[in-house]
Every structure is written in structure tokens, then in C-alpha cells.
Number of protein chains: 4
Amino acid sequence: MHHHTDPAMHKAIELCWSCRDTCQSLLFTYCLQHGHNAPDHVRIMVDCIEICQASADFMTRNSPLHAAVCRACAQVCDACANSCEAFDDPEMKSCAEICRRCAESCRKMAGGMSAAA
Amino acid sequence: MHHHTDPAMHKAIELCWSCRDTCQSLLFTYCLQHGHNAPDHVRIMVDCIEICQASADFMTRNSPLHAAVCRACAQVCDACANSCEAFDDPEMKSCAEICRRCAESCRKMAGGMSAAA
Amino acid sequence: MHHHTDPAMHKAIELCWSCRDTCQSLLFTYCLQHGHNAPDHVRIMVDCIEICQASADFMTRNSPLHAAVCRACAQVCDACANSCEAFDDPEMKSCAEICRRCAESCRKMAGGMSAAA
Amino acid sequence: MHHHTDPAMHKAIELCWSCRDTCQSLLFTYCLQHGHNAPDHVRIMVDCIEICQASADFMTRNSPLHAAVCRACAQVCDACANSCEAFDDPEMKSCAEICRRCAESCRKMAGGMSAAA
């Protein structure tokens, strides 16, 4: 079988995709329609979509360089969570929670690579 | 709620992601390791990964232009299925089957747009 | 040498990247800051970014399926041009013009594939 | 005007796109055809394509988080350069050189963010 056997990485991949999907769906079918369209917010949502995808892809390819991308992803997801939490809106709070879980998971995947990082 | 309420499109999005994920995982953790690395095969797998993502994304954004992309996606998925079916290998046959289902689903999503296409 | 020898395709690739780059730069450093943030406009800009990339990538890989993607790209670029032209703003008019040129170029690249399309 | 005024970032964006384009063109129209198709080589080329794109996109959007992605990009580009340099082939050496320049440029763009990294 070609699928990943490491359960931690498998879970991390799922969280990246879940975060990407949530951010993209929310941004284009909710945020823009509800006035959550400040440039900084739209941008961090798109940043989060892009780096979550890269992080998931590096792990799916079993790339030995995934830690570097997961580290960047954790940082971007945390910033996206901050942006979403600032809204007094349960949809946004829910997105923030997913971003936080993805950030935490990516930090773990990044940590295994280099103690010096 | 921001999620899609149309069940057909929701299912189509899932099939696109499933096809993308299967192709990417298979290509980088199986095909290349098992000599399934002819240029035409590698390329159609990457083609399929890229257009499935675009198709899923257009639908996730509820884009009125999703049909044009779904139409292209159906064509690419069929070609990818052909390439995978040519191998006498159950992993590849299984990938071909997922590509076929994605192609069929994308053709349906494209169908609403133009009878002439 | 590995680079493309067909000048028409080479030019088409350049136009796709130029269109993608213009749309992305404009969207995130101008549109959102100047109130050009209606959901339909932001979405078509992102649609255009994504399909221009796919179209350029299929051609760069010399994929025999590039015509299907170029056809979708032409349609999306035209819609993006329409959205940009609706603004009374020279920056947006300039973006529309680039989208039109990319659409025309992609239509030509799509035309070689199928007389029935 | 919406284009970037910081010349260093503008140059870094161009190098990322140049590196992405070179890797993609080389991989699909040269490496696979000339037996440069070891799984690790194909994977690092695709890794490089993906992270160069993300790095260019973060900078194009003027994202305050670009440094995190540029740092990952520098690491991936160096690894890709190593992989390309291992071939006794001028095409591959030329690709390695572009990867090195991109890595160096991305390291500079990352440097402003964190002295601890």
C-alpha cells in the first residue's frame, strides 16, 4: 500500500487539509459577504490556504524537508487564528479553533526535524 | 453556515480531493519507486493533481465558472485513468477507478453549463 | 535544451503568468485597499489566478491536455476582464486589458485541439 | 501603482518564479526523458516548485509572514541544488545554479524576521 503508515503524520495532513478547506470556504462564502473583508484579514486567510496546502503536500510526498514547511505553516496558522478570533462571530471563532489545532499539529511535525530550529 | 448545501456539488468536491490525494500519494510513494515513471505517466498524474485541485477550489468558492473547469477536469481525469489502467498492478487499477468516478462527477457538474460542449 | 521551441506556446505561457501576477498583485495590494472588494469581484480574481497558473503549468509541461485547460482559462479570463472593466479606474482597466490578451491567447491554444469544442 | 516598490523584494520574487519555472520545465521536458527520475530527485524538484511558488506569492501579497515561507524556501532550494549538482550534466548544473541564487535571495528575505532562527 502506498498510504502513510505514520499515524501522527496522517493526522497532521488531515488537519492541514481541514484548515485549508475551512479557510477557503469561509472566506469566499461568508467573510466577503459579511464585511469581514479588511485587506489584512483576506490576505492572512489566503496565506493560510496556501501554506496549509504546501505543508500537506510535503507530508503526503513523504518529503524529508516537510519540517521546514510545517514550521512556516504553524506560524501562519497562528496568525490566521488571531485574525479570526478578533471577530465577534461564532463562525470565525470556529475557524480560529481549527487554525490553532493545525498550528499545534504542524509545530509537532516541525519539531522532529531539528533541535536547533 | 458557510458550507455548501447542494449535496451533488459537495460530493463532487470530495471526489476531486480524493482523486488529487490518491494521485499525489501514489505518484510519490509508489509509482516512482516501482518503475512507473515514464514521462507521459508522471505528467498526466501531475496534470490530474493540478486540475482536480482547481476544480475543487472553483466549486468550494461557489464560482459561477466552475463548469468550465469541471469540464477540463473530467477530460484530464479520464486520461489519467487510461494511463493508470495500462499497468498490471492493483494499486494502479484502484487509482484509475477513483479517476473515473471523479471524471464522471465532474462531467455532471459541467453539464449544467453548456449543452453544446 | 529543455525550453519550449514553439514560439506561440511560449508566448501563451508568458501571458498566463503575466495575467496571474497582475491579478494577484492588484487584488492584494490595490483592490482590497480601495473598496473593490465585492465578493463576486474578489472571487473572479482568485479564479483567474488559479486557472492561469494551471494553464501555464500544463503548457510548460507540454501536456497533450493543455487545450482543455486553456479553453477554461480563456472563459475565466474574459469574465475577470468584465469584472475589472466595470470599475472606473485606470488600474482596473489595465488589468482587464491583460486578462483580454490572455483570454485571446488561450483561445488560440485551445483551438488546435478540437474543432467540435 | 500597485506594484512593489522595494527592489530587493521585487528581485526575490523574480528569482522564486525563475527557479520554479526552471525546475518545472526541466523536470517534465528533460529529467524524466533522460533517466533523471530517481524518486528523491523528482520529489525535491516538485518540493522546490511548490515552495518557490508559495514564497513568491507571500511576497507578492506583501504578507507580513513572508519571512517564514522564504526561510523554508531557502532550505528547499538548497536541497534541490544539491540534487541537481549531483548529475554530470550541464542542464542540471544550470538548474542548480538558479536554485542556489534563489536560496540565497530567500535567506536574505527571511533574515529580517528573526535573528534566533
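This briefing covers the symmetry, the internal cavity and one chain contact of the structure above. The model is predicted. A search of the whole structure finds 1 cavity of 30 Å³ or more. Chains D and A are related by a turn of 180°, and chain B meets chain D without any salt bridge.

**Symmetry**
- Chain D can be laid on chain A with an RMSD of 0.0 Å.
- The move is a turn of 180° with a shift of 0.0 Å along the axis. That is how a two-fold axis relates copies.
- Of the interface residues of chain D, 100% are also interface residues in chain A, so these copies meet through the same surface.

**The cavity**
- The largest cavity has a volume of about 760 Å³.
- Its lining is made up of 40 residues.
- Nearest the centre of the largest cavity lie A:Glu50, A:Gln53, B:Gln53, C:Gln53 and D:Gln53.
- Helix H1 (7-31) and helix H2 (39-60) of chains A, B, C and D each supply at least two lining residues.
- By class, the lining holds 16 nonpolar, 8 polar and 16 charged residues.

**Where chain B meets chain D**
- Chain B brings 8 residues to the contact, and chain D brings 8 residues.
- About 850 Å² is buried between chain B and chain D. Carbon and sulfur atoms give 71% of that area.
- On the chain B side, B:Phe28, B:Leu32 and B:Pro39 lose the most area to chain D. Together they make up 51% of what that side buries.
- The count of salt bridges between chain B and chain D is 0.

Key. Residues are numbered from 1 along each chain as its sequence is written. Chains are lettered from A and ligands numbered from 1 in the order in which they are written. This is a predicted model: local features need pLDDT of at least 70, side-chain atom pairs count only at pLDDT 80 or more; totals for chains, interfaces and linings use all residues. Side-chain values use heavy atoms; hydrogens and water are left out. Copies are superposed by least squares on the C-alpha atoms of residues with pLDDT of at least 70 in both. Contact means heavy atoms within 4.5 Å. On a 1 Å grid over the protein atoms alone, a cavity is a set of points where a 1.4 Å probe fits but cannot get out, and a pocket is an open set with protein on both sides within 12 Å along at least five of seven lines; lining residues have an atom within 4 Å of a point. Grid points are joined across faces, edges and corners, and a volume is the space filled by probe spheres set on the points. Helices (H or I, at least four residues) and strands (E, at least two) are DSSP runs, numbered from the N terminus. Ala, Val, Leu, Ile, Met, Phe, Trp, Tyr, Cys and Pro count as nonpolar, Asp, Glu, Lys and Arg as charged, and the others, Gly among them, as polar. Buried area is the accessible area (1.4 Å probe) that two parts lose on being put together, summed over both. A salt bridge is a side-chain nitrogen of Lys or Arg within 4 Å of a carboxyl oxygen of Asp or Glu.
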